[in-house]
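Here's a quick briefing on a protein chain for you to click through. Have the viewer open and follow along, starting with the strands and ending with the cores.

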Amino acid sequence: MRLLGIDYGIKRIGVALSDERGKFAFPHSVIQNCPTQKCARLSLAQIKKICEENEVGKIILGKSVDYHGYPNPVMKKIEPFKTLLEKETGLAVEYEEETLTTYEAKEVPVIGKERYSLSNKKRKGWQGKMKKIDASAAAIILRRDRKSTRLNSSHTDISRMPSSA
């Protein structure tokens with residue numbers, strides 16, 4: 001099942017897609033976001049279109065929490081967005097913690113043939129390429145979800161193991 005990952009931000013929404021089996025995550029696009037209802041509807045319509053065109057089966061939405069696990073202020077906007085997203089797409093939307101995904105995406109992105117990091121962000125053209133970071137952060141959210149899903153499903157139930165006695 002193909003998954004769609006979302007890194008929700010006040011200004012931009014990063015979008016990523018998995019392969020058909022949901023094993024690999026790839027940055028897809030960045031959608032402009034703004035606080036008006038009209039803009040929110042446009043963002044949701046774009047996400048719905050991506051889901052339909054790519055036969056997405058489930059959406060993974062970044063859950064913004066602080067280092068102690070408490071919701072960040074942006075969660076007040078993410079929660080109603082999640083509800084609208086479920087209504088608009090008809091798909092299940094699950095949370096995956098997004099702590100430091102944007103920072104991680106800034107450290108290792110490969111954009112075109114150039115590699116960028118925080119140390120060379122003053123290079124010409126950095127600002128335009130920074131917008132692509134949000135899609136990379138969404139891919140990291142998807143990868144984390146896949147990793148946690150694999151870990152949770154691969155636990156060995158020791159009560160079913162043969163005894164050595």
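Two strands are said to pair when DSSP finds at least two bridges between them. Strands β1 (residues 2-8) and β2 (residues 12-18) clear that bar, pairing in the antiparallel sense over 5 bridges. Bear in mind that this is a predicted model.

**The chain as a whole**
- The secondary structure adds up to 5 helices and 7 strands.
- Reading from the N terminus, the elements go β-β-β-α-β-α-β-α-β-β-α-α.
- The protein chain has 165 residues, and 41% of them count as buried.
- About 10,600 Å² of the protein chain is exposed, with carbon and sulfur atoms supplying 53% of that area.
- Take the contacts between residues at least 6 apart in sequence: 60% of those join residues at least 24 apart.

**The sheet and the helix across it**
- Five strands make an open sheet in the order β3-β2-β1-β4-β5, and the pairing is mixed.
- At the edges sit β3 (25-32) and β5 (92-97), each pairing on one side only.
- On average, neighbouring strands of this sheet are turned by 25 degrees against each other, direction ignored.
- Within the β1/β2 pair, look for G5, which stands opposite A16 in β2.
- Helix α1 (residues 37-53) lies across β1, β2, β3 and β4 (56-63). Its direction is about 155 degrees to β3.

**The nonpolar cores**
- The largest nonpolar core holds 21 residues, and L4, I6, I47, I59 and F81 have the most contacts inside it.
- Elements giving two or more residues to this core are β1, β2, α1, β4 and α2 (75-89).
- I59 touches L4, I6, C51, L85, T89, L91, A92, V93 and E94, leaving aside residues up to four places away in sequence.
- Another core, of 8 residues, lies apart from the largest one, and its members include A16, A25, I141 and L142.
- As a general point, nonpolar side chains in soluble globular proteins tend to be buried together.

**A closer look at T101**
- T101 belongs to helix α3 (residues 101-107).
- Is T101 buried or exposed? T101 counts as buried because its relative accessible area is 1%, and the cut-off for buried is under 20%.
- Not counting residues up to four places away in sequence, T101 touches D7, A137, I140, I141 and R144.
- T101 and R144 are 43 residues apart along the chain, with 9.7 Å between their C-alpha atoms.

Technical notes. Residues are numbered from 1 along each chain as its sequence is written. This is a predicted model: local features need pLDDT of at least 70, side-chain atom pairs count only at pLDDT 80 or more; totals for chains, interfaces and linings use all residues. Side-chain values use heavy atoms; hydrogens and water are left out. Helices (H or I, at least four residues) and strands (E, at least two) are DSSP runs, numbered from the N terminus. Axes are lines fitted to C-alpha atoms, for helices over the stretch in contact, and angles run from 0 to 180 degrees between N-to-C directions. Contact means heavy atoms within 4.5 Å. Buried means under 20% relative accessible area, exposed over 50%, partly exposed in between (1.4 Å probe, protein chains only). Accessible areas come from the Shrake-Rupley method with a 1.4 Å probe; for residues, only the protein chains shown count as cover. A nonpolar core is a set of buried Ala, Val, Leu, Ile, Met, Phe, Trp, Tyr and Cys residues joined through side-chain atoms within 4.5 Å.
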